[in-house]
Amino acid sequence: MKVMKKIAKLLLLLFIAIQFFRPEKNTNQGNHLASFITETNPPENVKTILTNSCYDCHSNNTEYPWYNNIAPVSWWLSNHIKDAKADLNLSDWDSYGKRQKEHKLEEVIEAVDAGEMPLRQYIWFHPDAKLSREQSEAILEWARRTKVLYGLGPQPR
Ligand code: HEC
């Protein structure tokens, strides 16, 4: 029993100690999605879907849940966001060339079509983010139509 108590105390101390290590937050109050929205012109329903299901990980602004204040959850979320943005950051749309944009949209089509996005773990905590069949169709329709635009004409990059 004594040993168990000691271990419990140690774990508690460890838990308190890690709270001091807070990852930097992914927040941006500016108009960071302006160029993406202007260029790809998603209809209102697709805009809503992207807001509810994608931007938390694939943009420069995350709406954090309260439990992000708790380590190690905060570390876990921070890593997901970093990985997601490395693959696709919609706030950085301008930084992609024409070919890359076409390719990113192709990846969106593949990920949504396969039901891989949003991440399953995200849906556990944000059930509303789960895409219905109609929502998936709406994203696919918009992404396919928009992708074609980037495929047209000469390919500068
Ligand atoms: C909880 C965070 C999270 C959410 C929400 C999320 N993603 Fe992702 N996404 C990731 C991570 C992490 C990766 C990179 C690792 C991987 O492929 O699993 C990724 C990768 C991607 C990729 C790159 C290709 C691929 O499959 O690896 C695309 C495209 C993508 N996501 C699209 C979307 C779309 C579209 C939505 C909204 C419908 C979305 N994601 C929602 C975390 C997220």
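Helices in these legends are DSSP runs of H or I that hold at least four residues, and they are numbered from the N terminus. The structure shown in each view is a predicted model.

**View A. The ligand and the residues closest to it.** Welcome to the ligand site, where 17 residues form the surroundings of the ligand. Look for Ser53, Cys54, Cys57, His58 and Met117, which are the closest of them. Sorted by class, this shell holds ten nonpolar residues, three polar ones and four charged ones.

**View B. Two side chains that reach polar atoms of the ligand.** Here His58 and Asp87 can be followed up to the ligand. From a polar side-chain atom of His58 to a nitrogen atom of the ligand is 2.7 Å. Asp87 places a polar side-chain atom 3.4 Å from an oxygen atom of the ligand. Three helices give two or more residues to the shell: α4 (55–58), α5 (73–87) and α6 (98–113). Which of the elements gives the most to this shell? That is α5, with four residues.

**View C. The largest pocket, which holds the ligand.** The ligand seen in the views above sits in the largest pocket. This pocket has a volume of about 520 Å³. Its lining counts 25 residues, and His58, Ala84, Leu88, Ala111 and Met117 are the ones closest to the pocket centre. Two or more residues of the lining come from each of α3 (44–53), α4, α5, α6 and α8 (133–151). Whereas α5 gives the most to the shell around the ligand, α6 gives the most to the lining of this pocket, with six residues. The lining includes 18 nonpolar residues, along with three polar and four charged ones. Met117 is a handy landmark here, since this residue also appears among those closest to the ligand.

**View D. The second largest pocket.** The space in this pocket comes to about 200 Å³. Among its lining residues are Val112, Asp113, Gly115, Met117 and Pro118, and further along the chain Ile123, Lys130, Leu131, Ser136, Glu137 and Leu140 belong to the lining too. At least two lining residues are supplied by α6, and at least two by α8. The largest share, three residues, is that of α8. By class, six of the lining residues are nonpolar, two are polar and three are charged.

**View E. The cavity.** Rolling a probe the size of a water molecule over the atoms reveals where empty space remains. How many cavities of 30 Å³ or more does the count give? There is one, and the space inside the largest cavity is about 210 Å³. Of its 16 lining residues, Cys57, Leu77, His80, Tyr122 and His126 lie nearest the centre. The helices α4, α5 and α7 (120–125) supply at least two lining residues each, and α5 has the largest share with four. Ten of the lining residues are nonpolar, four are polar and two are charged. Cys57 links this view to View A, where Cys57 is among the residues closest to the ligand.

**View F. Two cis peptide bonds ahead of prolines.** One cis bond joins Ala71 to Pro72, with omega at about 5 degrees. Pro72 belongs to the loop between α4 and α5. A cis bond also joins Met117 to Pro118, with omega at about -10 degrees. Pro118 can be found in the loop between α6 and α7.

**View G. Around helix α2: His32, Thr40 and Asn41.** His32 lies in the loop that runs between α1 (2–18) and α2 (34–40). Its side chain makes a polar contact of 2.8 Å with the side chain of Ser91. His32 counts as buried because its relative accessibility is 16%, under the 20% cut-off. Thr40 has its place in helix α2. With a relative accessible area of 3%, Thr40 is buried. The C-alpha atoms of Thr40 and Arg145 are 9.5 Å apart in space, although 105 residues separate the two in sequence. Is Asn41 buried or exposed? At 55% relative accessibility, Asn41 counts as exposed, since the cut-off for that is over 50%. Asn41 lies in the loop between α2 and α3, and has a positive phi of about 45 degrees without being a glycine.

Technical notes
Residues numbered from 1 in each chain as written. Predicted model: local features only at pLDDT ≥ 70, side-chain atom pairs only at ≥ 80, totals over all residues. Heavy atoms only, no water. Near = heavy atom within 4 Å. Polar contact = N/O pair within 3.5 Å; in protein donor to acceptor, adjacent residues only side chain to side chain. 1 Å grid on protein atoms, 1.4 Å probe; cavity = no way out; pocket = protein on both sides within 12 Å on 5 of 7 lines; lining within 4 Å. Sits in = over half its atoms within 2 Å of the grid points. Nonpolar A, V, L, I, M, F, W, Y, C, P; charged D, E, K, R; others polar. Points joined across faces, edges and corners; volume = space filled by probe spheres on them. Buried < 20%, exposed > 50% of the residue type's maximum accessible area, 1.4 Å probe, protein only.
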